[in-house]
Amino acid sequence: MGALTHESLVEYLIEEAYEVVDSIEAGAVDDELRGELGDVLLQVVLHARLAEERGSFDFAAVARGINAKMVRRNQHVFKADGSLQESFPASVEEIIIKWDAAKRAEKPERTDPFEGIAPHLPALAAAQKSLDRAARAGLDVDARLDVDAQGALAAVGIPAVPASEEALGELLLAVVAGAREQGLDAERALRAAVRSFQNTQARPS
């Protein structure tokens with residue numbers, strides 16, 4: 001594979017994943033989406049090939065591993081042999097509960113609800129995932145943040161969280177614009193706030 005390494009391929013894996021997102025959000029036709037997904041799959045193949053060359057694992061092992069993981073993590077869908085269950089959960093909430101229980105059974109040593117959240121996620125994605133994880137772990141998110149979201153917005157002249165994604169996007173863009181005018185880095189600021197929030201969860205309330 002020449003000079004290719006896992007490290008040198010990382011930027012392309014990220015780039016190709018974002019191109020899939022762009023394709024989906026642009027309402028791409030199936031042919032374009034199929035091509036973008038193929039580009040992501042190529043990155044998986046390349047990483048697996050590098051691992052195979054050093055005698056670690058190959059693409060088939062990756063496929064077997066994700067198949068086993070899907071069966072293991074989705075006991076509400078699959079039986080242990082991989083065949084489908086006769087009935088399925090009635091709600092998304094029930095599915096999430098069963099999924100979380102399966103993950104806890106796999107790794108009972110994990111007590112930190114934020115373990116496994118990729119540290120390189122964009123700050124907004126990390127914030128949302130952290131809040132979701134905290135809520136699913138039964139933590140009192142509002143108490144931990146020590147802030148009322150609507151009250152905090154009202155304090156800076158915003159009456160409420162926008163009811164649409166379009167309006168929310170405009171609000172977030174305005175916040176970033178204001179930060180830029182003040183010489184502040186909005187991404188870095190939110191990343192620091194997310195880290196602080198996660199660290200707070202580790203301490204008893």
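**Group meeting: a pocket, a phenylalanine and a helix**

Okay, let's start with the second largest pocket, where α4 and α5 each supply at least two residues of the lining. Keep in mind that this is a predicted model. The pocket holds about 370 Å³ of space. There are 14 residues lining this pocket, and Asp100, Arg104, Asp112, Pro113 and Arg133 are the closest to its centre. Which helix gives the most to the lining? That's α4, with four residues.

Now to phenylalanine 114, which you'll find in the loop between α4 and α5. Is Phe114 buried or exposed? Its relative accessible area is 5%, so Phe114 counts as buried. If you skip anything up to four places away in sequence, Phe114 touches Ser130, Arg133, Ala134, Phe197, Gln198 and Gln201. One of those contacts, Arg133, is also among the residues closest to the centre of the pocket I just showed. For a sense of distance, take Phe114 and alanine 137: they sit 23 residues apart in sequence, and their C-alpha atoms are 9.6 Å apart in space.

Next, the aromatics. How many aromatic pairs does the structure hold? Just one. The partners are Phe114 and Phe197, arranged edge-to-face, with 5.9 Å from centre to centre and 65 degrees between the planes. Phe114 lies in the loop between α4 (92-106) and α5 (123-136), while Phe197 belongs to helix α9 (residues 186-201), so this pair ties together parts that are 83 residues apart in sequence. Both of these phenylalanines are buried.

The two rings also turn up in the largest nonpolar core, which has five residues: Phe114, Ile117, Ala134, Val141 and Phe197. Look at valine 141 for a second. Leaving out residues up to four places away in sequence, Val141 touches Leu131, Ala134, Ala135 and Phe197.

Let's move over to helix α2, residues 30-53. How far apart should the ends of α2 be? With 24 residues at 1.5 Å a residue, α2 should span 34 Å, and the end C-alpha atoms are indeed 34 Å apart, so that agrees. The buried residues of this helix are Glu36, Gln43, Leu46, His47, Ala48, Leu50 and Ala51. What covers them includes α1 (6-25) and α3 (59-73).

From that list I'd like to pick out histidine 47. The cut-off for buried is under 20% relative accessible area, and His47 comes in at 16%, so it counts as buried. Which residues is His47 in contact with, leaving aside neighbours within four places in sequence? His6, Leu9 and Leu13. Then, just after α2, glycine 55 takes a positive phi of about 75 degrees.

Last stop, helix α8, residues 165-181. Same check on the length: 17 residues at 1.5 Å a residue should span 24 Å, and the end C-alpha atoms are 24 Å apart, which agrees. Just after α8 there's a glycine too, Gly183, with a positive phi of about 75 degrees.

To wrap up, the residue I'd keep on screen is Phe114: it sits in the loop between α4 and α5, belongs to the largest nonpolar core, and forms the edge-to-face pair with Phe197. Okay, that's me done.

Methods:
Residues are numbered from 1 along each chain as its sequence is written. This is a predicted model: local features need pLDDT of at least 70, side-chain atom pairs count only at pLDDT 80 or more; totals for chains, interfaces and linings use all residues. Side-chain values use heavy atoms; hydrogens and water are left out. The expected span of a helix is 1.5 Å times one less than its number of residues. A nonpolar core is a set of buried Ala, Val, Leu, Ile, Met, Phe, Trp, Tyr and Cys residues joined through side-chain atoms within 4.5 Å. Buried means under 20% relative accessible area, exposed over 50%, partly exposed in between (1.4 Å probe, protein chains only). Contact means heavy atoms within 4.5 Å. Rings of Phe, Tyr and Trp (its six-membered ring) pair if their centres lie within 6.5 Å; planes under 30 degrees apart count as stacked, over 60 as edge-to-face and the rest as tilted. On a 1 Å grid over the protein atoms alone, a cavity is a set of points where a 1.4 Å probe fits but cannot get out, and a pocket is an open set with protein on both sides within 12 Å along at least five of seven lines; lining residues have an atom within 4 Å of a point. Grid points are joined across faces, edges and corners, and a volume is the space filled by probe spheres set on the points.
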